[in-house]
Amino acid sequence: MYAIIEDSGHQFKVEEGQELQIDYRDLSAGQEIRFERVLAYRDEQGLQIGHPYLSSVCVRAEVLGPVIGPKIVIRKFKRRKNYRRKIGHRQLYTRIRIAKIELKPPSA
């Protein structure tokens, strides 16, 4: 069983118990986050695809805490001008663990 969710312009294929990094959110460890934008859901009955989202599926995740991504080095150089710049950057992410992919009961 898996779901494909959308968060901050990125799509993630998630399963229960999986850990992943999403864009930084100011949340402390142990808090819960819900993803309502579910694009697709697969289980034993088959595949459900949303148009664009599935309103009957919700993904709950537990926040593990903030993490810092890999260092990216930006170098600027202009030949024959004695111009060289080196800039580093490390992106901040939030690490989460998928707790449950839950189906909402159909509304009448």
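Good morning. I begin with a pair of strands: strand 5 and strand 6 run antiparallel and are joined by four bridges. The chain passes from strand 5 to strand 6 through a hairpin of two residues. Within this pair, Tyr41 stands opposite Gln48 in strand 6. Please keep in mind throughout that the model is predicted.

What holds such strands side by side? In general, strands of a sheet pair through backbone hydrogen bonds, and the pairing may be parallel or antiparallel.

Let me now place this pair in its sheet. Strands 5 and 6 belong to an open sheet of four strands, with the order 2-1-5-6 and antiparallel pairing. Which strands stand at the edges? They are strand 2 and strand 6, the latter covering residues 46-49. Each has a single partner strand, so one side of each is left without a neighbour in the sheet. From one strand to the next, the twist averages 15°. Further along the order, strand 1 pairs with strand 5 in the antiparallel sense, over four bridges. Ile4 stands opposite Ala40 in strand 5.

I turn to another sheet. This is an open sheet of four strands in the order 3-8-7-4, with antiparallel pairing. Its edge strands are strand 3 and strand 4, each of which pairs on one side only. Neighbouring strands here are turned by 50° against each other on average, with direction ignored. Strand 3 and strand 8 pair in the antiparallel sense over five bridges, and Ile22 stands opposite Thr94 in strand 8.

One residue of strand 8 deserves a closer look, namely Tyr93. Is Tyr93 buried, partly exposed or exposed? Its relative accessibility is 23%, and because buried requires a value under 20%, Tyr93 counts as partly exposed. Leaving out residues up to four places away in sequence, Tyr93 touches Gln21, Ile22, Asp23 and Tyr24, together with Gly65, Pro66, Val67 and Gly69. Tyr93 also shows how the fold brings separate parts of the chain together: Ile68 is 25 residues away in sequence, yet the C-alpha atoms of the two residues are 6.0 Å apart in space.

Next, the interior. The largest nonpolar core has 18 residues. Which of them have the most contacts inside the core? These are Val14, Phe35, Val59, Ile96 and Ile98. The elements that give two or more residues to this core are strand 1 (2-7), strand 2 (10-14), strand 3 (19-23), strand 4 (32-35), strand 5 (38-43), strand 7 (57-78) and strand 8 (83-103). Strand 7 gives the most, with four residues.

Ile98 serves as an example from this core. Apart from its neighbours within four places in sequence, Ile98 is in contact with Val14, Glu15, Glu16, Gly17, Gln18 and Leu20, and also with Val59, Arg60 and Ala61. Two of these contacts, Val14 and Val59, are themselves named among the core residues with the most contacts.

Finally, I consider the aromatic rings. How many aromatic pairs are there? The count comes to zero. Two rings do, however, have a charged partner. Lys13 lies over the face of Tyr2, at 4.4 Å from the ring centre. The charged end of Lys78 sits over the ring of Tyr83, 5.3 Å from its centre.

To close, I return to the two sheets: one has the order 2-1-5-6, and the other has the order 3-8-7-4. Thank you for your attention.

Key
Residues are numbered from 1 along each chain as its sequence is written. This is a predicted model: local features need pLDDT of at least 70, side-chain atom pairs count only at pLDDT 80 or more; totals for chains, interfaces and linings use all residues. Side-chain values use heavy atoms; hydrogens and water are left out. A nonpolar core is a set of buried Ala, Val, Leu, Ile, Met, Phe, Trp, Tyr and Cys residues joined through side-chain atoms within 4.5 Å. Buried means under 20% relative accessible area, exposed over 50%, partly exposed in between (1.4 Å probe, protein chains only). Contact means heavy atoms within 4.5 Å. Rings of Phe, Tyr and Trp (its six-membered ring) pair if their centres lie within 6.5 Å; planes under 30 degrees apart count as stacked, over 60 as edge-to-face and the rest as tilted. A charge sits over a ring if NZ of Lys or CZ of Arg is within 6 Å of the ring centre and within 35 degrees of the ring normal. Two strands pair if DSSP finds at least two bridges between them. Axes are lines fitted to C-alpha atoms, for helices over the stretch in contact, and angles run from 0 to 180 degrees between N-to-C directions.
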